[in-house]
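Reader: I would like to learn how to read a model like this one, feature by feature. Could you walk me through it?

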Amino acid sequence: MDSTQERTFCKWLNTKLEANGYPPMHSLVQDLSDGVRLIQLMEIMGDTSLGRYNKNPRMRVQKAENVNKALEFIRQRGIKLTNIGPEDIIDGNLKLILGMIWTLVLRFTIADISEEGLSAKEGLLLWAQRKTAPYKEVNVQDFSISWSDGLALCALIHCHRPELLDYDKLDKSDRHGNTRLAFQVAADHLGVPQLLEVEDLCDSTRPDERSVMTYIASYFHAFSTMDQAETVSRRVEKFAELMQSVWTSKNDYERRARALLHALSEVQKKWLTSRFTGSYTDAKEQSAIFTAYKHTTKRTWVTERQDVTTLLGNIQTKLRTYGLREYIPPLGLALSDLDDAWNDLLQSEAKRSRAINAQIRQIKESLRKEFADLANDFSQRLHSISLELSGVAGPLETQQDQVKEIQTRLPTLSEILTRVAKAEQDCVAANVEENDYTVFTCQDLEFELGLVAQSLTKKISFIDNQIVSRNMTNLTPAQLEQFESTFRYFDRDETNTLSLTETSAALASQGLVYSDEDMTYIYDQLLQDYGAVTFEAFINLLVDITEDQTSPDQLRESFLGIAGNKPFVTELDMRLAQLPVSAVDYLSEVIPSTNNEAGELEYDYETWLRDVFA
């Protein structure tokens, strides 16, 4: 039955579309899915404009807007729709679509049929029964089987227009022929479109009731024009519907115009009372809200303004068409009032935009100055410390006290640098990329602070070592220089202390090679005595070893053993003697060397020892 209904209802709707210059539909499921045809049908049936809509929808949301607009119009006309939503029409739910169209058929074709107080289905059935009562072969009891032989249709035509066919000469057994004849005559002479196929009535065990009702209703409307009294009544009814439509449109215009004016006024009041907190986050948030307003709410109002203007134009056109008095909107709701309110809105928008932009510029400028003041002050403090450090003078102990006092100021500088970093982060968050008030970045200042801290540490280590060297009266200046350069070489991390590995390598560079067990014992003893292998601890250890064990002759003997009784030693000799790599590297740097015929370096340890112990 759905196929019959679909075909019948599609033809019924096409009669509406074609009568108003629109192309016909071929599939209810496909042609109604984007809502365009549905809106056109509602405008035709409702004899009014539904306003702007998406005439070429491509996205599902646009189709949904169209369908929802049509369904809302149907509901506004007091037509009850059950269990159908935009998605059902978009997705092609044929059962629900047919139900909706049947509701429209009832409302726009059958609802106005009345017979002795009965309406709609009962009234139409009573009308058909009365018109076909004189024909003995016809017995109309329903809108299904009673119409399956074509005689009831022929009887209706003969009753009203006997000149169109000779009922008595019909072959009463020719079901298909009688039905085909009735369809042809009704279409050619009565203006009743053929909504059904012959097979729908003659070959179906039970013809579809809704389809038959829709078709029979076309007969009712065609014949009703023959009754002058009914024609007059319908004329009054049509005028009443016209006036009701105009009244509805007027109320709709006034309601929508009033709502639009109120909305425009409220948003301007909100902007007038809005205040900035002074933070960049607040300013950007208000800017984002304003941008979102222009992309959403404002565009909705632009559309509504155009729709309201169009609605008023349609009202005036309809009134002029029927020679009725022009509609004058209430005071304050004229189009000129809307135009004035709209111009006020545009001015308020411009003022709002300028205020937000000015606030953002002001905040950015403040952030630039704040960062620049902190950065410039920090740089000046660093420069002052550097100058003070370079000017340290006097006895070593005095210098030591001065440098340590300067070092106590570094934590304060670190705290200030934290504030500089925070100010820079605020600038980054506010997209402040340029700053004419300073040349520094936080990274620059952090690097310079590190250099100052490093300089202080080195200065303190240097002074401490000088004090130790000064107090070593039992070493020659050359030995002190040699020991100090050795310590500095192996103090790779510049902490002025040596690790176990560094201590072992430093001693080995002096020809003092110990087993791992002995080296660990020596290192632990130094930690107990000094807390760490400082320059002082290293010097004292070498003094002890030099005084007790290491003489120039002993070192010469050791190098002679490593060199295999040669007057020179090679890098391979030192590695075969299992000296630490760091010790080999050091000795390779400090011992004078020459290239032999094979290009191999020969290190003159005799000359080096003479220089060290001179």
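Author: Happy to; we will go through cores, aromatic rings, helices, backbone angles and cysteines in turn. Please keep in mind that this is a predicted model.

Reader: Let's begin with the inside. Which residues touch the most other members of the largest nonpolar core?

Author: The idea is to look for buried nonpolar residues joined through their side chains. Here the largest such core has 76 residues, and those touching the most other members are Leu 28, Met 42, Ile 101, Trp 147, Tyr 215 and Tyr 219. Helix H6, residues 94-110, supplies the largest share of this core, with 10 residues. Apart from it lies another core, of 56 residues, including Ala 341, Leu 413, Ala 423 and Ile 463.

Reader: What does Tyr 215 touch, leaving out residues up to four places away in sequence?

Author: Leaving those out, Tyr 215 is in contact with Leu 153, Ala 182, Phe 183, Ala 186, Val 192, Pro 193, Gln 194, Leu 195 and Leu 196. Tyr 215 also belongs to an aromatic cluster, together with Trp 127, Phe 183, Tyr 219, Phe 220 and Phe 223.

Reader: How many aromatic pairs does the structure hold?

Author: There are 20 of them. Rings can also have a charged group over the face, and two lysines show this. Lys 55 lies over the face of Tyr 53, 4.4 Å from the ring centre. Lys 172 is over the face of Tyr 167, with 5.0 Å to the ring centre.

Reader: Now helices. How far does helix H7 reach from its first C-alpha to its last?

Author: A useful check is to set the end-to-end reach beside the expected one. Helix H7 covers residues 120-132, 13 residues in total, and reaches 18 Å, close to the 18 Å expected at 1.5 Å a residue. Its buried residues are Gly 123, Leu 124, Leu 125, Leu 126, Trp 127, Ala 128 and Thr 132.

Reader: Can we take a longer look at helix H12? Is Leu 260 buried or exposed?

Author: Leu 260, which is found in helix H12, counts as buried because its relative accessibility is 4%, under the 20% cut-off. Not counting residues up to four places away in sequence, Leu 260 touches Trp 301, Glu 304, Arg 305 and Leu 338. Leu 260 and Val 302 are 42 residues apart in sequence and 10.0 Å apart in space, C-alpha to C-alpha.

Helix H12 spans residues 228-273 and also holds Met 243. Met 243 is partly exposed, at a relative accessible area of 35%. Met 243 and Ser 173 are 70 residues apart in sequence, with 51 Å between their C-alpha atoms.

Reader: And Arg 180, where does it lie?

Author: Arg 180 is in helix H9, residues 175-189. Its relative accessibility is 46%, so Arg 180 counts as partly exposed. From Arg 180 to Gly 150 there are 30 residues in sequence and 7.7 Å in space, C-alpha to C-alpha.

Reader: What about Thr 4, buried or exposed?

Author: Thr 4, in helix H1 (residues 2-19), counts as buried because its relative accessibility is 12%. Beyond residues up to four places away in sequence, Thr 4 touches Leu 196, Asp 200, Asp 208 and Ser 211.

Reader: Let's turn to the backbone. Which phi does Asp 47 have?

Author: Most residues other than glycine have a negative phi. Asp 47, although not a glycine, has a positive phi of about 55 degrees. Asp 47 sits in the loop between helix H3 (36-46) and helix H4 (60-76), and is partly exposed at 46% relative accessibility.

Glu 494 is not a glycine either, and has a positive phi of about 55 degrees. Its loop runs between helix H19 (477-490) and strand E3 (497-498). At 36% relative accessibility, Glu 494 is partly exposed.

Reader: Last topic: how many disulfides are there?

Author: A disulfide is a covalent bond between the sulfur atoms of two cysteines. The count here is 0 disulfides. Take Cys 159: the closest cysteine sulfur, in Cys 154, is 13 Å from its own sulfur, too far for a bond. Cys 159 is partly exposed at 33% relative accessibility, whereas Cys 10 is buried, with a relative accessible area of 7%.

Note on methods
Residues are numbered from 1 along each chain as its sequence is written. This is a predicted model: local features need pLDDT of at least 70, side-chain atom pairs count only at pLDDT 80 or more; totals for chains, interfaces and linings use all residues. Side-chain values use heavy atoms; hydrogens and water are left out. A nonpolar core is a set of buried Ala, Val, Leu, Ile, Met, Phe, Trp, Tyr and Cys residues joined through side-chain atoms within 4.5 Å. Buried means under 20% relative accessible area, exposed over 50%, partly exposed in between (1.4 Å probe, protein chains only). Helices (H or I, at least four residues) and strands (E, at least two) are DSSP runs, numbered from the N terminus. Contact means heavy atoms within 4.5 Å. Rings of Phe, Tyr and Trp (its six-membered ring) pair if their centres lie within 6.5 Å; planes under 30 degrees apart count as stacked, over 60 as edge-to-face and the rest as tilted. A charge sits over a ring if NZ of Lys or CZ of Arg is within 6 Å of the ring centre and within 35 degrees of the ring normal. The expected span of a helix is 1.5 Å times one less than its number of residues. A disulfide is a pair of cysteine sulfur atoms within 2.5 Å.
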